[in-house]
Amino acid sequence: MKGIRYITEGAALLALFVALLLFSLYIPVVGTIFQLALAVPFIVYTVRHGWKKAILFLVVGLLLTLLFGNVLTLPFTFVFGIGGLAIGMLYRQKQKRYTILLGGTVAFSLGLLLLFVGANVIFNVNLMEQINNALDQSINQSIEMMKSLGQDVKESQIDQMRDAFDMFKNLLPLLIVIGGVILAFFSQLIATPILKRTGYEVQAFPPFREFKLPKSILWYYLIALILSFPSFNIEQGTFMYVAIINIVMGLQMLVVLQGISLIFYFSHQKGYAKAIPIVVTILALIIPIILQIVRILGIIDLGFNLRKQLDTKK
């Protein structure tokens with residue numbers, strides 16, 4: 001019976017995966033939403049039947065991708081398959097939700113990185129070169145548009161655009177990690193109700209106000225920030241330069257999350273309406289000065305444990 005069950009469940013989940021794949025490939029805008037769910041069949045199957053059978057499930061999924069899609073879609077199936085297997089195994093081990101999110105992020109990020117490397121090695125497609133060409137084309141189109149509107153295009157404006165696009169290219173590793181976080185989060189979000197329906201007990205995410213980084217993050221952030229100062233004279237475009245700016249930007253985002261979490265914690269302690277911290281978060285994402293204040297709050301909370309002070313006063 002067990003053998004028949006894992007085959008029938010596998011066939012049903014593979015049919016679901018193929019349907020999601022076809023929707024994501026051939027429906028222009030809505031397809032992006034279906035794409036976020038591509039890892040779900042792999043998650044559910046891994047939770048129910050373990051990683052050994054899940055690897056076979058992935059192999060069959062790759063063959064079906066060739067049958068219903070094309071060779072170029074194989075890497076996408078591989079990325080979502082690896083991410084789904086990792087998240088499914090962590091669910092099966094009954095890990096905490098943030099641990100599952102972290103594991104899924106690592107798996108998806110490695111998958112996306114392999115996608116870049118594989119496109120270059122297997123398909124002879126240099127994605128970085130294509131990104132450079134697309135960015136150069138965007139600059140030229142922006143210049144032409146400004147000229148057609150009768151505006152004078154200064155050399156300083158062109159330099160600013162080029163600097164912004166260069167920064168985008170340098171932050172590509174961080175963007176891959178952010179992509180991994182987004183895919184891991186939405187994969188969990190969609191898979192959770194399905195797993196509950198199948199009788200699997202899923203832990204809830206802890207309240208965001210309880211989100212707290214290790215204190216050591218503050219020291220890493222300060223060291224990386226110091227190394228990014230112009231006085232160290234690190235040449236742009238080098239591996240060291242790219243690594244430092246990605247670490248600084250990544251840690252800055254984490255510190256901002258710490259600050260936002262503190263705002264939610266303070267609001268909860270004071271009994272304020274739930275809308276207040278949400279509005280402050282939205283304003284921080286829009287207005288730079290508020291974002292700076294939130295970042296400072298995150299740094300202070302990491303260094304001096306403001307939450308403990310709030311608990312003491314209460």
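In the predicted model, R307 and D301 are both buried. The two residues are joined by a salt bridge, with their closest N and O atoms 2.9 Å apart. R307 has a second partner in Y265: the arginine lies over the face of that ring, at 5.6 Å from the ring centre. R307 thus takes part in a salt bridge with D301 and in a charge-over-ring arrangement with Y265.

Over the whole structure, the search returns 2 salt bridges. Besides the pair formed by R307 and D301, a salt bridge is found between R48 and E9, whose closest N and O atoms are 2.8 Å apart. R48 belongs to helix α3 and E9 to helix α1 (residues 2-26), so this pair ties together parts of the chain that are 39 residues apart in sequence. The two partners fall into separate accessibility classes: R48, at a relative accessible area of 31%, is partly exposed, whereas E9, at 18%, is buried. E9 is assigned to the buried class because its value lies under the 20% limit. In general, side chains of opposite charge can pair when their charged atoms come close.

Helix α3 (residues 40-68) also contains T46. This threonine is buried, with a relative accessibility of 0%. Beyond its neighbours within four places in sequence, T46 is in contact with W51, A54, G84, L85, G88, M89 and R92. A further threonine, T73, is placed in the loop between α3 and α4 (74-92). T73 has a relative accessible area of 6% and is therefore buried. When residues up to four places away in sequence are not counted, T73 touches L25 and T65. T73 and Y200 are 127 residues apart in sequence, and their C-alpha atoms are 31 Å apart in space.

The loop between α4 and α5 (97-121) holds K94. The backbone of K94 has a positive phi of about 60°, although the residue is not a glycine. With a relative accessibility of 53%, K94 counts as exposed.

Aromatic contacts were examined next. The search of the whole structure finds 13 aromatic pairs. One of them is formed by F185 and F186, whose ring centres are 5.5 Å apart and whose planes make an angle of 80°, an edge-to-face geometry. Both rings belong to partly exposed residues, the relative accessible area being 34% for F185 and 31% for F186. An edge-to-face pair is also formed by F208 and F264, with 5.5 Å between the ring centres and 90° between the planes. This pair links distant parts of the chain, since F208 is in the loop between α8 (172-197) and α9 (216-227) and F264 is in helix α10 (residues 239-270), 56 residues apart. F208 is partly exposed at a relative accessible area of 30%, and F264 is likewise partly exposed, at 23%. The value for F264 is not under 20%, so the residue is not assigned to the buried class.

These phenylalanines are part of a wider arrangement. Ring pairs join Y98, F185, F186, F205, F208, F211 and F264 into a cluster. Members of the cluster fall within both assigned domains, which are domain 1 (1-127 + 170-205) and domain 2 (208-313). Y98, F185, F186 and F205 lie within the bounds of domain 1, and F208, F211 and F264 within those of domain 2.

The relation between the two domains was then described. The centres of domain 1 and domain 2, taken over C-alpha atoms, are separated by 31 Å. Contacts between them involve 7 residues of domain 1 and 9 residues of domain 2. The domains bury about 620 Å² between them, and 71% of this area is on carbon and sulfur atoms. Across the interface of domain 1 and domain 2, 0 salt bridges are found. The salt bridge of R48 with E9 has both residues within the bounds of domain 1, and that of R307 with D301 has both within the bounds of domain 2.

Key:
Residues numbered from 1 in each chain as written. Predicted model: local features only at pLDDT ≥ 70, side-chain atom pairs only at ≥ 80, totals over all residues. Heavy atoms only, no water. Phe/Tyr/Trp six-rings, centres within 6.5 Å; stacked < 30°, edge-to-face > 60°. Buried < 20%, exposed > 50% of the residue type's maximum accessible area, 1.4 Å probe, protein only. Helix = DSSP H or I, 4+ residues; strand = E, 2+ residues; numbered from the N terminus. Lys NZ or Arg CZ within 6 Å of the ring centre and 35° of its normal. Domains from an automatic or database assignment. Contact = heavy atoms within 4.5 Å. Buried area = accessible area lost by both parts, 1.4 Å probe. Salt bridge = Lys/Arg side-chain N within 4 Å of Asp/Glu carboxyl O.
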